[in-house]
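Got your viewer open and a selection box handy? Load the model below and follow along, one selection at a time.

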Amino acid sequence: MDILTEALSSMRTGRPSSVRTNGLAPWGLRLSPVAGAGFHVVLYGTCWLVPEGDAADVQPIALSPGDVIFLRDGRGHVLADHPATPPQEETRSGEAACPDAPLGTVTIGADGPRTSLLCGHYHLDQGRPHPLVRQLPEIIHLPTRHGRHSELQAAVQLLGSELENPRIGSVGIIPALIDSLLLYILRAWIEDQPPAEAKGFAAALSDSAVAPALAAVHEDPAAPWTVESLAGRAGLSRAAFARRFTALVGEPPMAYLTRWRMTTAAKLLRESDAPLTTVAARSGYGSEYAFAKAFKREYGLAPGGYRRDFRAA
């Protein structure tokens, strides 16, 4: 069971939005906050990311070709050729007018050295973030390192190639690569955590006791799980398992089970026409009434209303 994929899938509310940004020194661009998670990939040249808002205490980050930045909450920030360069406000003018272009392009600055980036954001529901995402650092910087994260580097190189020389199929290839980039970014960050220092959900994914319990819940959320039965999967006593699970995941086993059942139900309501009785059963509830009560407690809406509102939006 791939918990990382499922966790991200449960939060997705749409396909990524992205734009090719070319900066000619001196240049600076202030990017406003977005609903979701932001990302940048340096395709060519160098630049700086200057955090703003709640992340303003973080020092400016120097970026080189191949570097990847992930902003967990889509915070506002500045990209510039130098931290001291005054930024201009974000604008949609200058986007590619060609309807067959894989994505829009914005060019700013003067006539100095060029920096080319892929900038965008993933549409993620931050109202109910999965613990795995909630526990991530606010800003993740994955610098280019020889021999490290070869799959991520390959994806970045493929993106750069398709953007520099669009050919037949590029319109389908580029969005798929951008979509996959999120998984590569988070996998790279998780694998970068030293085993002795890993904590939170990143540590839970490889923990010999907690990981099997998480896999069981994700594989069959409708099963009549109890702390005892999950502890049996983990090979620990009930009390020891509950303490370990809560310490790593950030909430008790039964709270996480309820969360994942509701997440499963919400996804079914959004993506299928399954009757409410079916949604209830697949979410671990024996009656539609009990399911509706639990769902409304979590989302503030009855299941039918949630489905209607989502589709209307």
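What follows is a walk from the sheet outwards, through helices, cysteines, a histidine and some charged pairs. Keep in mind throughout that this is a predicted model.

**Stop 1: the sheet**

Switch to cartoon and pick out the open sheet, which is built from 6 strands in the order 9-1-10-3-6-11 with mixed pairing. Its edges are strand 9 (104–109) and strand 11 (139–142), each of which pairs on one side only. Look along the sheet and you can follow the twist, which averages 20° from one strand to the next.

**Stop 2: strand 10 and its partners**

Now select 114–122, which is strand 10. Is strand 10 largely enclosed or open to the outside? Of its 9 residues, 8 are buried, so the rest of the structure largely encloses strand 10.

Add residues 17–24, which make up strand 1; strand 1 and strand 10 run antiparallel and are joined by 8 bridges. Two pairs are handy for checking the register: Leu24 sits opposite Arg114, and Val19 sits opposite Cys119. While you have side chains switched on, remember that in a regular strand they alternate between the two faces of the sheet.

Next, add strand 3 (37–44). Strand 3 pairs with strand 10 in the antiparallel sense too, over 7 bridges. To find one of these, select Ala37, whose bridge partner in strand 10 is Tyr122.

**Stop 3: two helices across the strands**

Select residues 150–164 to bring up helix 3, which lies across strands 1, 3, 6, 10 and 11. Line up your view with strand 3 and you will see helix 3 running at about 70° to that strand.

Then select 170–192 for helix 4, which also lies across strand 1, strand 3, strand 6, strand 10 and strand 11. This time use strand 11 as the reference, because helix 4 runs at about 90° to it.

**Stop 4: a pair of cysteines**

Show Cys47 and Cys119 as sticks. How many disulfides does the structure have? The count is 0. Cys47 is in no disulfide, and the nearest cysteine sulfur, that of Cys119, is 8.0 Å away. A disulfide needs the two sulfur atoms within 2.5 Å, so the 8.0 Å from the sulfur of Cys119 to that of Cys47 is too far for a bond. Colour by accessibility here if you like: Cys47 is buried at 2% relative accessible area, and Cys119 is buried at 5%.

**Stop 5: His130**

Move on to His130, in the loop between strand 10 and helix 2 (131–134). His130 is buried, with a relative accessible area of 3%. Which residues does His130 contact, leaving aside neighbours within four places in sequence? Select Ala7, Met11, Phe201, His218, Tyr256 and Trp260 to show these contacts of His130.

**Stop 6: charged pairs**

Finish with the salt bridges, of which the structure holds 14. Side chains of opposite charge can pair when their charged atoms come close.

- Stay in the same loop and select Arg128 with Glu298; this salt bridge has its closest N and O atoms 2.9 Å apart. The pair links distant parts of the chain, since Arg128 is in the loop between strand 10 and helix 2 while Glu298 is in helix 11 (residues 288–299), 170 residues apart. Glu298 is partly exposed, at 33% relative accessibility.
- Select Arg244 and Asp207, whose side chains meet in a salt bridge at 2.9 Å, N to O. Arg244 lies in helix 8 (residues 238–249) and Asp207 in the loop between helix 5 (200–204) and helix 6 (210–219), so the pair ties together parts 37 residues apart in sequence. Arg244 is partly exposed at 33% relative accessibility, whereas Asp207 is buried at 13%.
- Select Arg259 and Glu251 for a salt bridge with its closest N and O atoms 2.8 Å apart. Here Arg259 counts as buried at 17% relative accessibility, and Glu251 counts as buried at 12%.
- For the last selection, take Arg72, Asp73, Arg75 and Glu138, which salt bridges with shared partners join into one network.

Methods. Residues are numbered from 1 along each chain as its sequence is written. This is a predicted model: local features need pLDDT of at least 70, side-chain atom pairs count only at pLDDT 80 or more; totals for chains, interfaces and linings use all residues. Side-chain values use heavy atoms; hydrogens and water are left out. Helices (H or I, at least four residues) and strands (E, at least two) are DSSP runs, numbered from the N terminus. Buried means under 20% relative accessible area, exposed over 50%, partly exposed in between (1.4 Å probe, protein chains only). Contact means heavy atoms within 4.5 Å. Two strands pair if DSSP finds at least two bridges between them. Axes are lines fitted to C-alpha atoms, for helices over the stretch in contact, and angles run from 0 to 180 degrees between N-to-C directions. A salt bridge is a side-chain nitrogen of Lys or Arg within 4 Å of a carboxyl oxygen of Asp or Glu.
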